[in-house]
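Reader: I have a model open and do not know how to read it. Where should I start?

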Amino acid sequence: MDTDAKNERPVGSPAAAVVHSLHERHETLATVESLTGGLLSASIVEIAGVSGVYRGGLVTYATELKSELAGVPAELLAERGPVDPDVARALAEGGRRRCEADWGLATTGVAGPEPQDGKPVGLVYLAAAGPAGTTVRRLDLDGGRDHIRAAAVIEALRLLAEQIQAAGDPTGAGVDEGVAASPAGRR
């Protein structure tokens, strides 16, 4: 197993935890990847029973495909480039929308070996879009290309797990003060 942003091996499988949580919630996931080039989706589809959860994913390695396939505004890409927090947000939201999923998870960054458009090697943005909104996380990773890509996958899955947990129970069970959770965004 690969190591995370702190060069530690995760306990258990981050992908299995996400798949299990989504299965329990009857929710779905889509991915949009740039620097991870399919590693994120591959780690998800390794989990048995994922077919009821994973809708699909896009690998938008070329900048123009981020706009054409994932719906990132072309003006945003032209102004800021592909390694940007707002681009990560748009990727996650676009994947969620295009794949008709409850959750969208995206990765963009510079894996190296050289900086890209003035952005340093190891700069990564992750985004998780869900029924209650989108969260973006910046990572500044050290190490070689393989480590940066693998750590981005682990950290993206952790971000999604945190957002799922923060969203609470979609059925309303266990919600305090009699306020039911909204099923908005459920498919």
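Author: Start with strand pairing: two strands pair if DSSP finds at least two bridges between them. This is a predicted model. Here strand 1 and strand 2 (residues 54-59) run parallel and are joined by 5 bridges.

Reader: Which residue of strand 2 is the bridge partner of Val-32?

Author: The partner of Val-32 is Leu-58.

Reader: How many bridges join strand 1 to strand 3?

Author: Again 5 bridges, and these two strands also run parallel. Leu-29, for example, has Trp-103 in strand 3 as its bridge partner.

Reader: What do strand 1, helix 2 and strand 2 make?

Author: Together they form a β-α-β unit, and it is right-handed.

Reader: Is strand 1 mostly covered or mostly open?

Author: A residue counts as buried when its relative accessible area is under 20%. In strand 1, 5 of its 5 residues are buried. Look at the two faces in turn: Leu-29, Thr-31 and Glu-33 lie on one side, Ala-30 and Val-32 on the other, and both sides are covered.

Reader: What about the chain as a whole? How many helices and strands are there?

Author: The protein chain has 6 helices and 5 strands. Read from the N terminus, their order is α-β-α-β-α-α-α-β-β-β-α. Of its 187 residues, 48% count as buried. The chain exposes about 9000 Å², and carbon and sulfur atoms supply 49% of that area.

Reader: What share of the contacts joins residues 24 or more positions apart?

Author: Counting contacts with a separation of 6 or more, residues 24 or more positions apart account for 65%.

Reader: Now a helix. Why does the length of helix 1 agree with what it should span?

Author: The test is a rise of 1.5 Å a residue. Helix 1 covers residues 14-25, and its 12 residues should span 16 Å; the end C-alpha atoms are 17 Å apart, so the two agree.

Reader: Which residues are buried in helix 1?

Author: Pro-14, Ala-15, Val-18, Val-19, Leu-22 and Arg-25 are buried. They are on the same side of helix 1, because the arc they cover around the axis is only 135°. These buried residues pack against strand 1 (29-33), helix 2 (39-45), strand 3 (103-109) and helix 6 (145-167).

Reader: What comes just after helix 1?

Author: His-26, with a positive phi of about 60°.

Reader: Where else should I look at phi?

Author: Asn-7 has a positive phi of about 60°, although it is not a glycine. Asn-7 lies in the segment before helix 1. The cut-off for exposed is over 50% relative accessible area, so Asn-7, at 52%, counts as exposed. Glu-100, not a glycine either, has a positive phi of about 50°. Its place is the loop between helix 5 (85-98) and strand 3.

Reader: Which residues does a cis peptide bond join?

Author: Gly-112 and Pro-113, with omega at about 15°. Find Pro-113 in the loop between strand 3 and strand 4 (123-130).

Reader: One more: is Ala-74 buried, partly exposed or exposed?

Author: Ala-74 has 43% relative accessibility, so it counts as partly exposed. Ala-74 belongs to helix 4 (residues 74-80). Glu-64 is 10 residues from Ala-74 along the chain, and their C-alpha atoms are separated by 7.7 Å.

Key:
Residues are numbered from 1 along each chain as its sequence is written. This is a predicted model: local features need pLDDT of at least 70, side-chain atom pairs count only at pLDDT 80 or more; totals for chains, interfaces and linings use all residues. Side-chain values use heavy atoms; hydrogens and water are left out. Helices (H or I, at least four residues) and strands (E, at least two) are DSSP runs, numbered from the N terminus. Buried means under 20% relative accessible area, exposed over 50%, partly exposed in between (1.4 Å probe, protein chains only). Contact means heavy atoms within 4.5 Å. Accessible areas come from the Shrake-Rupley method with a 1.4 Å probe; for residues, only the protein chains shown count as cover. The expected span of a helix is 1.5 Å times one less than its number of residues. The arc is that of the directions from the helix axis to the C-beta atoms. A crossover is right-handed if, with the strands pointing away from the viewer, the path from the first strand over the helix to the second runs clockwise.
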